[in-house]
Amino acid sequence: MKSQEIRKEFLEFFKSKSHSIVPSAPMVIKDDPTLMFTNAGMNQFKEFFLGNSTPKDTRVTDTQKCLRVSGKHNDLEEVGHDTYHHTMFEMLGNWSFGDYFKKEAIQWAWELLTEVFKIDPDKLYVSVFEGSDDADNLGLDTEALELWKEIVPENRIIYGNKKDNFWEMGDQGPCGPCSEIHIDIRSDEEKAKVPGRELVNMDHPQVVEIWNLVFMQYNRKANGDLEELPAKHIDTGMGFERLCMVLQDKKSNYDTDVFTPLISEIEKITGNKYGEAEDANIAMRVIADHVRAVAFSIADGQLPSNTGAGYVIRRILRRAIRYGFTFLNSKEPFIYHLVPVLSKQMGSAFPELRSQSGLIENVIREEEASFLRTLDQGLVLLENLMKESADKKISGEKAFELYDTYGFPIDLTALILRENGYELDEKGFGEELKKQKDRSRKATQVSAGDWNELTNVEEDSFIGYDNLEANVKIARYREVESKKKGKMYQVVLDKTPFYPEGGGQVGDTGILMSSEGEVIDVLDTKKENNQIVHFVKKMPERAEGTFEAIVDRTSRSKTASNHTATHLLHQALRKILGTHVEQKGSMVQSDYLRFDFSHFSKLSQDELEQVEDFVNARIREQIELDEKRNLSYKEAVDQGAIALFGEKYGDSVRAIRFGESMELCGGTHVGNTADIWYFKITGESAVASGIRRIEAITGEAAMNFFEEQSEVLGKIRDILKNPKDPAKAISSLQEENANLKKQVESLLKDKAKNLKSDLKQEIREINGVNLLAKKVDLDAGGIKDLCFQLGDELENLVLVFGTEQNGKALLSCYISRNLVKEKDLNAGNIVRELGKHIQGGGGGQPFFATAGGKNPAGLDKALSEVTQFIK
Ligand code: ATP
Ligand code: MG
């Protein structure tokens, strides 16, 4: 069975059990502060388990793109070294939201594996939770045990501890006991030596877990306590790549058709053969795995960067580059060549890969090139470190600097040091790393209390498209604390006119006013796990009361103007540059907008003007907003609405149309394009390879911009005495200025020449020394030049010049080199001595030194004393 068919077969099976097939959520998570990436199929359904919202279907099935590289589930270090953990993998799942429970979940899992996929039951083991005698004090899962006993012989049932058989997504949130299904794919010979049940959960590469059936029945609270969930749910997750390994009768995930096309391409490019040398095998697996993770995140809109999720992606890619560099001897970018292979293979299940493969290739190639340069620089730095170390030891601090400042991987440092017989203080490095982690954790730490429940949240609680004010109640609230913002409260209302940050648009601000007249400022509004959270600094005295929720109107309408302008801008870019332009991110605030999009080159002035003209023409056309709510996703896309990759769309979507452009969008917009007044681009720049950014303003901000410009122009006109054409007037001033500069320069040169010949006349010979001590009108640089010019022309010179510049005194002394030796004269000593008269000090070299001071009146006295040094 090909992997494509296996995926399909799984979904079809659950469809036949009344499940609806839903799409994978994006891999990069945007509205959950506790999670950066989807790490399990259940993430996108968390709100249903918590009871924050009610699902349309109580039975669904899907394949979910997961990434396990950070947080509670982090498999990064295993990947490549073993044959069954990936960074990015697909998790096949079936779900019950308060519908069926353990009985059906267990029976269907068994039916699918043994009857549909025809896996020999003798290869399978199942596990049940044995209970825990820690603070949670949970008992054996007898319900699951009894159900399994009806299906499999008792010697195939394993009792598992909390680590293996109690599933938790993170430190807080829904959780519960689980039953895992493991498979033993060893040869009969191997099996005869050690029974399979002894190898379950022992990290044996051929006795692996394939499916986990989680019985969601608890919520883990902030203080660590468990509470029963209001309803019981099923959450299952089966590793797609592992299932393919079993069904294709392979011993490694990398030998299935999910990976072989990638591996053979790597073989072809690098000239290595998979299966020959262990180091190279690991490297090939690492690269085949990581390119998937990176490509899928870029397709989801997450580019490699220096912070947050982008940094995690950059590190994954760098890990792949580094394995290629060291073990496959790849010194040139090559991983980007795998993108077409990947998109050919996965593009039909995940169309986002296919449509963006050009961009993905570009981004990966750039990252490779720049990291390979870093590696080269790092190698030089490391060599220097080795040269400098007398005892053949490199401190943890030095290695950490290389790692942290230059991005040079520590395992590479360790390897090179080992090869050269040097020792690395790994413990010291570990300590530095820990210090850094503590620092960054402290900087971002967020702690959240439990929710205090007051009343229910209404269905479709957001009423802010039509209302900016409403009478509301507080449904729930909790205290949160972050390093950045300190102590705050999150408040959820029964319904709310406040728009929560999303789709690039900032959250609304405003106030909550109690019926007693108490006013609470709403500082920000965000969406977290599908509930709308208002941030306030203090809770009202009576949280149970009723409130008037009032959105800041001015700020909202400016934001709306900028949001609509981004749609028109998007339309303009696709018209003028071409339909390869795709939105890659946006930021819509009240004072400006920012729009990132895929395009290969800088926009010319002419293109920028065309874009502005296009948008302003739509504004002048006074196009009415055409808004459709509650369309099905398919309906909307069929009607031509543009959807964004990496956004999670629900069953019913909202479509916004202004003229020709129709986009899926949850943001707030103006009622008519005329409300935008005017659109003005203020900046165009590059964000990453193949991604450009336009910044712009509209409405009042555009008006202020033009007013300021006109004021500046007015001032210029005034200064120039009202010329007809100020630009021309400035150009001719500049030209005149340049000519004058030239003239001044040549005059100064003449002056210096004259001065020099005048001064020559004044030199007097005393005791075989040609001496001159005099005040001159030159700056420090001019005096120095003069000294050295005279020095080239005359011998046995002692020159001391004094000058006054901006109220300060300067003494410079020059002595011919032969005098320094023969007469033991020292310019430094002379200026130091003479400097006393000008209340200053200085120094320099024996043949030239200067002293600066505060008292120009002392210059004459100082100069008069020079002869003493010669006598
Ligand atoms: P393991 O112990 O093998 O790491 P797990 O207990 O972390 O697995 P779950 O969190 O229960 O796994 O995830 C459900 C299923 O997803 C697993 O049964 C497995 O088939 C698959 N899976 C988990 N982690 C990975 C991974 N890193 N790569 C590929 N598949 C995975
Ligand atoms: Mg795991």
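**Surroundings of ligand 1**

In this predicted model, a polar side-chain atom of Arg68 lies 2.9 Å from an oxygen atom of ligand 1. Two further contacts of this kind involve the backbone and side chain of other residues: a backbone N or O atom of Gly239 is found 3.0 Å from an oxygen atom of the ligand, and in Arg242 an N or O atom of the side chain is placed 3.0 Å from an oxygen atom of ligand 1. Taken on its own, ligand 1 has 580 Å² of accessible area, of which the protein covers 87%.

The shell around ligand 1 consists of 15 residues, and the closest of these are Asp75, His85, His86, Glu209 and Asn212. When the shell is sorted by residue type, six residues are nonpolar, five are polar and four are charged. Ligand 1 sits in the second largest pocket of the model. Three elements, namely β5 (88-97), β10 (207-220) and β11 (226-239), each give two or more residues to the shell around the ligand, and β10 gives the most, with four residues.

The second largest pocket itself has a volume of about 1,100 Å³. It is lined by 39 residues, among which Arg68, His73, His85, Glu180 and Glu209 are the closest to the centre of the pocket. Two or more lining residues come from each of the strands β4 (73-74), β5, β8 (166-168), β9 (173-184), β10 and β11, and likewise from each of the helices α5 (162-165) and α7 (240-247). Strand β10 supplies the largest share of this lining, with six residues, just as β10 gives the most to the shell around ligand 1. By residue type, the lining of the pocket comprises 12 nonpolar, 13 polar and 14 charged residues.

Some residues appear in both descriptions: His85 and Glu209 are among the residues closest to ligand 1, and His85 and Glu209 are also among the lining residues closest to the pocket centre. Arg68, which is likewise listed among those closest to the centre, has the side-chain contact with the ligand at 2.9 Å.

Technical notes: Residues are numbered from 1 along each chain as its sequence is written. Chains are lettered from A and ligands numbered from 1 in the order in which they are written. This is a predicted model: local features need pLDDT of at least 70, side-chain atom pairs count only at pLDDT 80 or more; totals for chains, interfaces and linings use all residues. Side-chain values use heavy atoms; hydrogens and water are left out. A residue is near a molecule or strand if one of its heavy atoms lies within 4 Å of it. A polar contact is a pair of N or O atoms within 3.5 Å; within protein, one must be able to donate a hydrogen and the other to accept it, and residues adjacent in sequence count only if both atoms are side-chain atoms. Accessible areas come from the Shrake-Rupley method with a 1.4 Å probe; for residues, only the protein chains shown count as cover. On a 1 Å grid over the protein atoms alone, a cavity is a set of points where a 1.4 Å probe fits but cannot get out, and a pocket is an open set with protein on both sides within 12 Å along at least five of seven lines; lining residues have an atom within 4 Å of a point. A molecule sits in a cavity or pocket if more than half of its atoms lie within 2 Å of its grid points. Ala, Val, Leu, Ile, Met, Phe, Trp, Tyr, Cys and Pro count as nonpolar, Asp, Glu, Lys and Arg as charged, and the others, Gly among them, as polar. Grid points are joined across faces, edges and corners, and a volume is the space filled by probe spheres set on the points.
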